[in-house]
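Reader: Could you take a close look at one chain for me and walk me through its fold? A connected account would be lovely.

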Amino acid sequence: MSLMAVWLKVDEERVVQALQEAAEKLDIAEGEVMLDFSSVPRIDVSGLMALEEFVGRADDKGVKVALRGVNVSVYKVLKLVKLTSRLSFVN
Amino acid sequence: MITSEAVQERVHIPLATESLSQERIAYLEGLVSQAKTAAAVFTQFTQEDVDRIVKPMVLAGLGQAQYLARLAVEETKLGVMEDKVLKNMCATEFTYNYIKDKRTVGVIREFPERNLVEMAEPIGVIFSLTPITNPTSTVLFKCIMAIKTRNAVIFSPHPNAWRCCSEAVKIMYETALKHGAPEGVFTCLESHTLQDNAYLMRHKDVGLIDATGGPGAVKAAYSSGKPALGVGPGNTPVYLEKTADVSVAVVDIIVSKTFDNGTICASEQTVVIDDEIYDVVLKKFAELGTHICNEEETKLLACTVIDPETGCMQPIAVGQKATDIARLVGLAVKPDTKLLIAPIQGVGREHPLSVEKLFPVLAVYRAKSTDEALKVCVDVNHAGGLGHTAVIFSRNEEVIRKFGEMMNAGRIIVNSPGSVGALGAVYNDLVPTFSFGCGTGGGNSTTDNVNIYHYLNIKRVARRTQAHMWFRVPNQIYFNLNAVENVRQFPSRSTIIVTNPALEQIGHVDLVRRYIPEGTRVHVSVIPDAEPEVKVIMQGVEALNFYKADQIIALGGGSVIDAAKIMKLKYESPDADLEELAAPFLDLRKRVIQYPTEKLNRARLIAISTTSGTGSEVTPFAVLTDKERARKVTLADYSLTPDVAIVDPQFVMSMPKGLTADTGVDCLTHALEAAVSSYASAYTDCNAMQAIVMAFKYLPIAFEHPGDEEARCMMHNAACIAAMAFSNASVGVNHALAHAFGAHFGVAHGRANALMLPHVIAYNAAVPTKFVPSPYQKGYVAHKKYATVADLLGLGGHTVDEKVKNLVAATEKLLDQLGFPRSIADLGISKEEFERAMPELTKLAFDDPSWRSNPRMPLMSELADLFWKAYQGRGLAKVTSASQQTA
């Protein structure tokens with residue numbers, strides 16, 4: 001099975017914008033979207049809500065969301081809002 | 001805490017939430033979700049981040065203190081605006097002063113001497129109820145605490161204080177947000193119902209309920225199944241004792257009771273005044289603008305402000321001015337009256353004014369004595385004030401101490417106002433708060449002034465500590481041929497030589513006597529039995545007392561030296577209870593029973609060993625035979641260790657072959673067990689290893705050639721050196737097995753040890769079924785220790801396995817050389833008899849304390865297995881070492 005993965009780098013300063021851009025590419029991501037979070041040392045409420053929304057939209061389209069390079073502090077935030085079970089993580 | 005009409009409507013928070021509409025549930029879920037997200041994001045904040053937010057919040061609160069106070073008074077119609085300003089300022093400024101330098105993120109406290117660090121973990125979402133009596137100050141206080149600790153709060157203000165509280169929340173939230181706090185960190189329920197509270201109290205994402213409210217709210221919080229902080233009701237007793245400074249006390253009580261019209265639940269309710277000062281006190285009160293009610297006025301007052309049905313205060317009076325209450329009652333008072341004082345004659349339902357009164361009405365009681373005063377204070381404390389606050393004015397430290405002992409109150413305020421005193425940081429060093437924990441008496445989980453630490457999960461990071469170890473042996477050890485001559489250097493007025501008949505007969509006692517300084521009175525105490533009993537020992541103690549001995553010379557084997565140790569103990573400390581001192585223990589340093597340190601008499605103990613095995617001359621152990629109960633009692637304490645040990649081989653030259661072998665194997669077993677013990681250290685290892693090498697080399701020679709002086713000398717030293725090792729590292733499972741087997745079948749200790757030894761080496765070298773927890777060892781090393789022993793003995797082998805196998809083989813060969821039976825079966829014990837004895841043997845072995853320092857914990861089944869291996873005999877020990885690695 002060959003699936004097309006979309007790879008996007010998320011920047012600390014513009015998490016919301018990056019996720020909005022990523023959302024636009026969900027239609028071409030047939031299997032998985034890989035979001036590179038290695039430049040996100042901290043996530044704020046708007047970023048977190050944008051990520052939740054993005055994951056919801058990806059679910060609707062049957063696209064899996066993987067996060068790469070998430071630091072442990074951000075990972076804990078995702079854990080606390082119970083988002084980790086809806087994501088996969090790549091170091 | 002408060003029972004106004006408005007409060008009563010929320011006393012019974014319903015358990016069921018079925019009546020909530022879907023829309024309402026969605027609204028509440030939205031609040032929780034918002035708070036949860038904020039709390040999650042908040043976990044990333046550093047200490048500097050939160051401190052940057054807290055300070056402007058405090059300044060905003062201070063700036064709006066008057067505005068919020070006015071709002072509160074206008075809305076609640078309770079209290080005094082000027083006092084509420086002060087409350088708001090205390091809630092911000094004093095709280096900040098307490099928390100500003102406190103760490104609440106990451107490492108918050110360090111205890112280097114304990115290798116312990118405390119770290120903070122936020123709670124997450126806090127659901128907070130706030131009261132009508134202190135509405136805005138409580139909100140300000142809780143907001144500052146929450147930000148400092150990185151928590152989100154959903155506020156549920158009292159319905160009759162909603163406007164002022166939501167305004168306070170708004171001010172705090174906007175300021176926090178402006179300085180970087182996560183969105184949604186504070187929310188305030190809009191027009192809520194009791195069902196809303198019930199729903200939120202049980203919500204899975206709410207981490208803590210902080211209920212500052214009436215008893216109903218607190219009860220509901222604690223009943224919700226969630227962790228909760230809740231304040232309880234108060235009924236503060238005050239003891240105005242005859243030594244008090246009356247002028248100061250009266251002003252303090254007025255300050256406190258009139259503060260915000262008495263709405264602080266810690267304020268004074270009943271003042272118990274000593275008879276000697278009662279009139280002076282009331283006169284002083286009257287001079288300072290207080291109306292003292294007469295009997296008729298008191299009755300009228302009670303009828304009006306206390307509900308005769310419930311016995312609780314009437315809501316209409318809560319937080320009202322004294323003059324307004326007087327008008328309500330119909331009392332004629334001066335216009336500047338601050339406080340109404342009502343004399344009462346007792347506490348309870350028959351004395352309505354003895355309950356909590358959150359308004360400026362104070363009950364007073366005339367006590368005829370200190371005892372009566374304290375009892376009345378106890379009555380008041382138990383009449384609705386358990387766990388809260390109590391106040392005393394006194395200069396008598398003993399009375400203050402007694403009062404503190406008798407009151408069940410989280411705060412016992414001395415010589416200062418109760419209400420402001422309990423709030424902390426003004427009159428004393430209590431932590432500033434607007435939430436008083438009332439302990440179990442008030443149905444709370446804490447008696448503390450609720451503070452930032454109650455808004456944190458405190459994590460303890462406990463690093464492994466380097467356990468202190470020890471190496472304790474006699475101060476002086478003299479060894480080699482003619483070492484006995486050193487007896488002459490110990491002056492004594494009266495010496496008792498403890499020995500056995502055989503040694504006296506062969507002239508050993510005379511040999512010792514030769515070196516006792518002239519002028520010393522010498523008495524010989526002969527112990528007839530090889531295993532001395534208490535009765536025999538007590539006869540020896542009688543002799544010590546009779547001759548007023550200052551020195552004991554124990555000349556003999558283990559039994560004699562052990563008996564002398566116990567004689568010394570009972571002579572020096574006659575009240576020592578041997579039964580109690582023999583109580584079991586796990587760690588010598590933490591044992592329950594302590595050996596006596598106060599001594600009636602003092603005597604030096606010189607131990608001269610006449611066998612080469614037990615090493616009793618240097619050990620802290622003594623075994624006593626209890627024939628009546630057919631058992632042996634082991635005493636262990638370093639105070640039993642002889643003061644001087646003499647290891648002179650001339651006393652062992654005539655040892656028979658059998659005894660040479662038995663004691664020699666005992667020595668070897670001591671050393672091998674100490675080497676792999678979980679208490680082993682570098683200090684014991686060097687002794688254990690050296691003793692093993694000496695025993696392997698010289699024991700066969702001493703056995704085959706009893707007259708070989710060098711071999712005898714080396715084995716005598718080896719026994720002492722091995723004993724120094726096991727005195728500090730203890731022994732192991734070999735001894736547990738040998739004790740059980742020896743006791744059951746009457747087999748000599750050394751012989752019993754020999755039967756078990758190869759099997760125990762193989763057992764300890766294998767991967768344990770169960771490891772023993774030990775702070776003294778890192779990792780499992782028994783097999784490596786055995787390999788080291790094999791190397792020292794030059795046994796060859798490349799791997800740890802091979803070396804352990806070679807050690808087992810060498811041990812078996814040595815035992816063969818010494819003529820020991822190869823198996824328990826060889827002793828003539830039938831398989832059936834052994835099988836029958838097995839339950840008893842395993843029980844005895846498991847109960848034996850010796851194995852507690854064994855490197856692996858023996859299971860009962862493993863003990864049985866070891867017994868059966870010993871039954872089958874040598875040559876069967878299979879080595880499967882815990883390590884396959886090349887040594």
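Author: **A close look at chain A**

Chain A has an average pLDDT of 87, and 93% of the residues score at least 70; pLDDT is the predictor's confidence in each residue, from 0 to 100. This is a predicted model, in which local features need pLDDT of at least 70 and side-chain atom pairs count only at pLDDT 80 or more, while totals for chains, interfaces and linings use all residues. Residues are numbered from 1 along each chain as its sequence is written, with chains lettered from A and ligands numbered from 1 in the order in which they are written.

Let's start with the fold. Chain A contains 3 helices and 4 strands, arranged along the sequence as β-α-β-α-β-α-β. Helices (H or I, at least four residues) and strands (E, at least two) are DSSP runs, numbered from the N terminus. Within chain A, confidence is lowest in strand 1 (residues 5-11), with a mean of 71, and highest in helix 3 (residues 72-80), at 96.

Now for the packing. Of the contacts in chain A with a separation of 6 or more, 77% join residues 24 or more positions apart; a contact means that the C-beta atoms, placed from the backbone, lie within 7 Å. Buried residues make up 30% of the 91 residues in chain A, buried meaning that 20 or more other C-beta atoms lie within 10 Å of a residue's own, again placed from the backbone. The C-alpha trace spans about 35 × 25 × 20 Å along its principal axes.

Finally, the neighbour: 11 residues of chain A are in contact with 10 residues of chain B.

Notes:
Contact = placed C-beta atoms within 7 Å. Buried ≥ 20, exposed ≤ 12 C-beta atoms within 10 Å, placed from the backbone.
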